[in-house]
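Trainee: I would like to go through the terms used for this structure and see what each one rests on.
Mentor: Put the questions one at a time.

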There are 2 protein chains.
Amino acid sequence: MNVLEVIGRKRDGHEHSPEEIQFLLGGYLRKEIPDYQMAAWLMAVCIRGMTAPETLALTRAMIESGEVLDLSTIPGIKVDKHSTGGVGDKVTLVAAPLAAACGVKVPKLSGRALAHTGGTLDKLESVPGLTVDLEPERFIKQVLEVGIAVAAQSPRMVPADKLLYALRDVTATVPSVPLIASSVMSKKIAAGADAIVLDVKFGRGAFMPDFASAEELAKEMVTLGEGAGRRTVALVTAMDNPLGRSVGNALEVQEALDALSGEGDAELLEVCLRVTREMCELAGVRADPQKAMRSGAGRQTFERMLVAQGGHLERGLPVAPVQVPVTADRDGHVEAIDALEVGLSALELGAGRLRKEDRVDPAAGVVIEAPVGARVRSGDPLATVHARSNELVERVTKRLRNAWRLTDREVGKPPHVLARVDKNGIAKGD
Amino acid sequence: MNVLEVIGRKRDGHEHSPEEIQFLLGGYLRKEIPDYQMAAWLMAVCIRGMTAPETLALTRAMIESGEVLDLSTIPGIKVDKHSTGGVGDKVTLVAAPLAAACGVKVPKLSGRALAHTGGTLDKLESVPGLTVDLEPERFIKQVLEVGIAVAAQSPRMVPADKLLYALRDVTATVPSVPLIASSVMSKKIAAGADAIVLDVKFGRGAFMPDFASAEELAKEMVTLGEGAGRRTVALVTAMDNPLGRSVGNALEVQEALDALSGEGDAELLEVCLRVTREMCELAGVRADPQKAMRSGAGRQTFERMLVAQGGHLERGLPVAPVQVPVTADRDGHVEAIDALEVGLSALELGAGRLRKEDRVDPAAGVVIEAPVGARVRSGDPLATVHARSNELVERVTKRLRNAWRLTDREVGKPPHVLARVDKNGIAKGD
């Protein structure tokens, strides 16, 4: 096989054989194929696309590049949950413990904050003492004992994804549905769960710009999951406004604790219950997540998980030294809150990271005081900025105020879950 | 300007501004933009294409990357000639001296053999003592005195093309009409002539596979030439069969000398006269190339050029020690001779080069004894192989015999020049 011929086939719009994909990825990992050749191929894939068999072959080759987690010692159907990333998306922190409280085994490997989106690992690490670096043995033991563990992926799993993503990031080849789908699903499949609930977000605060592209990605990921023998369900959800009332690491852990007690933003609670129900259904567990919420079982499971991972909630979550309101400059109803602008503000405050090496400020973030649908008068707080310094607050005040779109008429809440995709196809509507 | 945004614009099918193209090429030349980013952009260009203004901007940026030859001290309209490369294509060696004998000033920078196609510089260097490395001063002086000089391009001219071509060669991004057109025309425009005759070849022995792609390339190159203020005419010509009767460096110089005396293959003479007429017309010279051929003026000009460049024809052209016929294994009429197979045979014999560093054997090559239309009997020679050794002859015998397609019916010669393109558009037919 000749690398130029293989690249030329994708350039000309042909379909690769699984052997060709294995040849390219293997050659790249062995450093026989240089970055510039892989970059040319990635661009050809971005423009020409890939068929379902090609994407499955790429996903398999990625999985085979590293170790796979063996969860066979955990009895029953293990369920994983993944979000494609949003602003204020703390659903994992609520739905996963709630599902575990219902009897679902939840072995979850998670990611870190990137760009304007938050990461579950960074949020968890705001709990004093908590670690997300669990060796496989400890990880499995915790799932057996607590029902849930949330840990960082080992660098020995899917090393091809790390390499390929780093190259895509610097060659304008990130926005490709088959490349995104194979990146996510290779990691989910290697993580060993039997079933996967995906939350595919679109809109201002997400990586997918619109419903159509999110739907396409959801279908592709379900096909890949089912193709690898994993029961897979995807929800397509809106991410135009931030989810819930807080954006920032410790702030979101606190909001998750409240939600597990049934308190807080109604939309957030609804989405979390929906995801939990999907997880229970995939696991074949008959339970009422709402009951587990009311009884406090979900919150207890979450707290047991934090303790098992070394966390000390009793020491208190970190609190920002400066907390300053951003106020409305007119009367009106909140029509929309630009999730991207809120996410970028939180990033600027130190809650996120621009580069992988960056450290996050666990206490920094934004609390939404006037959510979509709220009525405000000039001078009322729209949000509270939590920051290390007044100087940082000043840097984001204007951007945050402009993120709020006010209108004179009353506003209803837009739907959040817009479609559900499983192996049988797509069902639109909540 | 952000390099990822600029690459992303081409990925998404948008048109670049001239500033964006200057930004990309300039950044690449300054090594601020790495190979992998340029490779991704080149692939996007291959698939998405470029508009005429984009291609002109790229051509201009390429020219500005290096020195430009100033020919203003040579009076009158200087005419250059360029072929996109073929097998047995010695038209430059005949038409350019003939045009010079008619009074056209021909300052020509030329290229070397690559893959299965020959190069004018390698052919000329088979003349003992001859040099193609002429400094600008000597080059201009020779055009003033002899009317013609054929030299190698200085590495200080269009250095961007060398870099970009090397990257295209290893990233499967060679076959792109705007990239090919800008590569050729940047060099032609930097070479300083006022007018350019292009021979755009298509078919088995050429780089363009079919008439449509050659026509597209011809149009694009004429647009670029005229856009840079150079009168430009392109002929679209067939390269399915080798041109003339010989393929190889010294062999082609000998065939050119014969053609300048009006002897040899009728098709070759016709094409050479056609190109000469186009050159005379662009220069505004009223002369009859046929007369210059009959009088021997063309041959004299060629010989004066060889002498001016240090050549000693009187020492004789190099002759291969082994000359072996390849014979027909059946009776028939020659319907076609696969130019690619003949070119690859000559390459294997040492007449061409696979890599730029390779040295060529000036005496090696193939002489066609049975051209298209000829009738042969089993055992008659189809070709004579000129080689360094019998072992080399054996390596190509089967390939050469298979290059001849014999048929039972009589065969007519196919047309050679299929279209002419100038700023007013395309005229099909000879």
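Trainee: How many salt bridges does the rule find across the interface of chain B and chain A?
Mentor: Zero. A salt bridge needs a side-chain nitrogen of Lys or Arg within 4 Å of a carboxyl oxygen of Asp or Glu, and across the interface of chain B and chain A the rule finds none. Note that this is a predicted model, in which local features need pLDDT of at least 70 and side-chain atom pairs count only at pLDDT 80 or more, while totals for chains, interfaces and linings use all residues. Residues are numbered from 1 along each chain as its sequence is written, chains are lettered from A and ligands numbered from 1 in the order in which they are written, and side-chain values use heavy atoms, with hydrogens and water left out.

Trainee: What makes chain B and chain A count as being in contact?
Mentor: Contact means heavy atoms within 4.5 Å. By that rule 20 residues of chain B are in contact with 20 residues of chain A. The area buried between the two chains is about 1700 Å², buried area being the accessible area (1.4 Å probe) that two parts lose on being put together, summed over both. Carbon and sulfur atoms give 76% of that area. B:R11, B:Y36 and B:I47 supply 36% of what chain B buries against chain A, more than any other three residues.

Trainee: Which helix gives the largest share of the side of chain B that touches chain A?
Mentor: α3(B), with ten residues. Helices (H or I, at least four residues) and strands (E, at least two) are DSSP runs, numbered from the N terminus. α1 (3-11), α3 (35-48) and α8 (159-169) of chain B each supply at least two residues of that side.

Trainee: Why is A:Q309 called buried?
Mentor: Buried means under 20% relative accessible area, exposed over 50%, and partly exposed in between (1.4 Å probe, protein chains only). A:Q309 has a relative accessible area of 0%, so the word applies. The residue sits in the loop between α14 (297-308) and β7 (322-327) of chain A. Not counting residues up to four places away in sequence, A:Q309 touches nine residues' worth of listed partners, including A:L134, A:R138 and A:Q142.

Trainee: What makes A:E32 and A:R30 a salt bridge, and are they buried or exposed?
Mentor: Their side chains meet at 3.0 Å, N to O, which meets the 4 Å limit. A:E32 is exposed, with a relative accessible area of 55%, and A:R30 is exposed at 52%.

Trainee: How do you know that B:E215 and B:K428 form a salt bridge?
Mentor: The closest N and O atoms are 3.7 Å apart, within the 4 Å of the rule. The pair links distant parts of the chain, B:E215 in helix α10 (residues 211-227) and B:K428 in strand β14 (residues 425-428), 213 residues apart. B:E215 is buried, because its relative accessible area is 12%, whereas B:K428 is exposed at 57%.

Trainee: Why can B:E278 and B:R420 be said to tie together separate parts of the sequence?
Mentor: B:E278 lies in helix α12 (residues 266-283) of chain B and B:R420 in strand β13 (residues 417-422) of chain B, so the pair ties together parts 142 residues apart in sequence. Their closest N and O atoms are 2.8 Å apart, and both residues are buried.
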